[in-house]
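Let's take a friendly walk through this structure, following the ligands and the residues that hold on to them. Have the 3D view ready so you can click along.

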Amino acid sequence: MARKVVFSGVQPSGGLTIGNYIGAIKNFVDLQDSYDCYYCIVDLHAITIPQVPKDLRKNTLEVLATYLASGLDPKKCTLFIQSHVEAHAELTWVLNSISYMGQLNRMTQYKEKSRKSEENLNAALFTYPVLMAADILMYQTEFVPVGDDQKQHLELARDLAERFNNRYSETFKVPEPLIQQFGARIMDLQNPGDKMSKSNQNENSYILMLDDPDTIRRKIRRAITDSIGEVIYTDDQPGIKNLMNIYNAFSGDSIDAIEDRYRGLGYGKFKDDVAEVIISGLKPIQERYIELMDNKDYLETVYRQGAEKAQFTAMKTLRKVYRKVGFIQK
Ligand code: AMP
Ligand code: TRP
């Protein structure tokens with residue numbers, strides 16, 4: 001029997017954080033043995049925010065190297081660059097024709113980003129979730145592993161699949177989000193009410209996957225906690241809860257086991273250990289990353305072969321869609 005399809009994507013918009021790793025990439029790796037996985041580097045999405053062309057090229061290769069260094073195996077899954085499969089932009093256009101302005105206007109990510117960059121409110125930022133829906137629906141995707149912040153976009157993808165199916169007959173599979181119980185939203189270390197994001201001005205608020213050990217120790221030591229002094233998993237202690245989620249993701253130890261281990265020990269020892277589990281979890285990834293970035297030929301082979309495979313599946317869906325909406329076959 002054919003394996004079920006998993007699709008996800010990461011934007012090449014500069015250094016990835018441990019939020020990206022825990023919320024997304026780490027789970028991509030866990031899924032590759034049991035599903036037919038497509039993991040994309042979404043460069044079309046990245047240009048909804050102004051990019052310096054040469055940095056975009058560099059960041060795109062960096063995400064690919066990070067995927068591989070984290071354990072994604074191109075023999076098991078399809079790794080590709082979004083702009084290499086033209087069908088993504090084409091399907092977006094068709095889906096735009098059944099997307100309601102009102103619904104796009106309500107997308108929280110759009111509202112936040114447009115508030116931050118009013119002078120650069122471009123149309124692509126508005127239609128960003130439609131492109132994301134096209135990515136997903138293109139591959140008849142069953143599951144989409146993402147962080148919690150993408151839930152609303154997933155809901156839109158489901159709506160568009162159902163709307164298209166109702167209007168033109170059964171065409172798309174309706175996808176399900178795959179959001180984990182712990183670590184679906186890694187929070188800002190300086191302000192645990194916000195999600196950790198590399199776009200934050202204060203670099204103490206996030207940890208990058210490529211941060212060196214001393215930087216990680218320093219950032220964790222400075223992380224905001226509280227005056228309660230106990231390592232307990234509760235919404236009343238958002239800073240500690242966040243560090244426990246990070247600890248859990250890197251060590252595999254359960255939240256209960258972590259509470260037991262640090263009972264009565266205070267925050268100092270706990271923070272030191274959080275830093276060490278991050279450092280040792282990232283070390284093999286960082287080492288492999290450096291080797292991969294030194295081997296551009298290999299990266300090129302991976303993304304070329306990935307695009308070829310993705311293109312084949314994508315064209316099957318696009319042809320079907322074009323036929324159903326009434327375009328004459330060329
Ligand atoms: P992006 O960098 O926005 O392309 O995000 C790539 C993936 O990482 C998406 O699945 C996001 O939901 C996930 N992600 C980003 N930031 C976080 C965070 N702070 N916590 C958990 N997941 C995150
Ligand atoms: N919008 C997602 C993010 O910022 C990235 C993305 C684009 C994506 N296309 C996707 C995620 C398709 C999952 C599936 O995180």
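**Two ligands and their surroundings**

The space taken by ligand 2 is the largest pocket. Please keep in mind that this is a predicted model. The elements that give two or more residues to the shell around ligand 2 are strand β1, residues 5-10, and helix α7, residues 123-138. Of these, helix α7 is a good place to begin, as its four residues make up the largest share of that shell.

Now zoom in on the shell itself. In total, 13 residues surround ligand 2, and the closest are Q11, Y128, M132, D135 and Q150. Sorted by class, the shell around ligand 2 holds seven nonpolar, five polar and one charged residues.

Which side chains make polar contacts with nitrogen atoms of ligand 2? One is Y128, where an N or O atom of the side chain is 2.7 Å from a nitrogen atom of the ligand. Another is Q150, with a polar side-chain atom 3.1 Å from a nitrogen atom of ligand 2. On the oxygen side, look at Q11: an N or O atom in its side chain is 3.0 Å from an oxygen atom of ligand 2. How much of ligand 2 does the protein cover? On its own, ligand 2 has 370 Å² of accessible area, and the protein covers 91% of that.

Let's turn to the other ligand. Ligand 1 sits in the largest pocket, the one described above for ligand 2. Around ligand 1 there are 16 residues, of which Q11, G147, D149, I186 and M196 come nearest. You have met Q11 already, since this residue is also listed among the closest to ligand 2.

Helix α1, residues 18-31, gives four residues to the shell around ligand 1, the largest share. By class, this shell has six nonpolar, seven polar and three charged residues.

The polar contacts of ligand 1 involve both side chains and backbone, as three examples show. A polar side-chain atom of D149 lies 2.5 Å from an oxygen atom of ligand 1. The side chain of N20 has an N or O atom 3.1 Å from an oxygen atom of ligand 1. At M196 the partner is a polar backbone atom, 3.0 Å from a nitrogen atom of ligand 1. As for cover, ligand 1 has 490 Å² of accessible area on its own, and 92% of this is covered by the protein.

Definitions and conventions. Residues numbered from 1 in each chain as written. Chains lettered and ligands numbered in written order. Predicted model: local features only at pLDDT ≥ 70, side-chain atom pairs only at ≥ 80, totals over all residues. Heavy atoms only, no water. Near = heavy atom within 4 Å. Polar contact = N/O pair within 3.5 Å; in protein donor to acceptor, adjacent residues only side chain to side chain. Areas by Shrake-Rupley, 256 points an atom, 1.4 Å probe, with all protein chains shown as cover. 1 Å grid on protein atoms, 1.4 Å probe; cavity = no way out; pocket = protein on both sides within 12 Å on 5 of 7 lines; lining within 4 Å. Sits in = over half its atoms within 2 Å of the grid points. Nonpolar A, V, L, I, M, F, W, Y, C, P; charged D, E, K, R; others polar.
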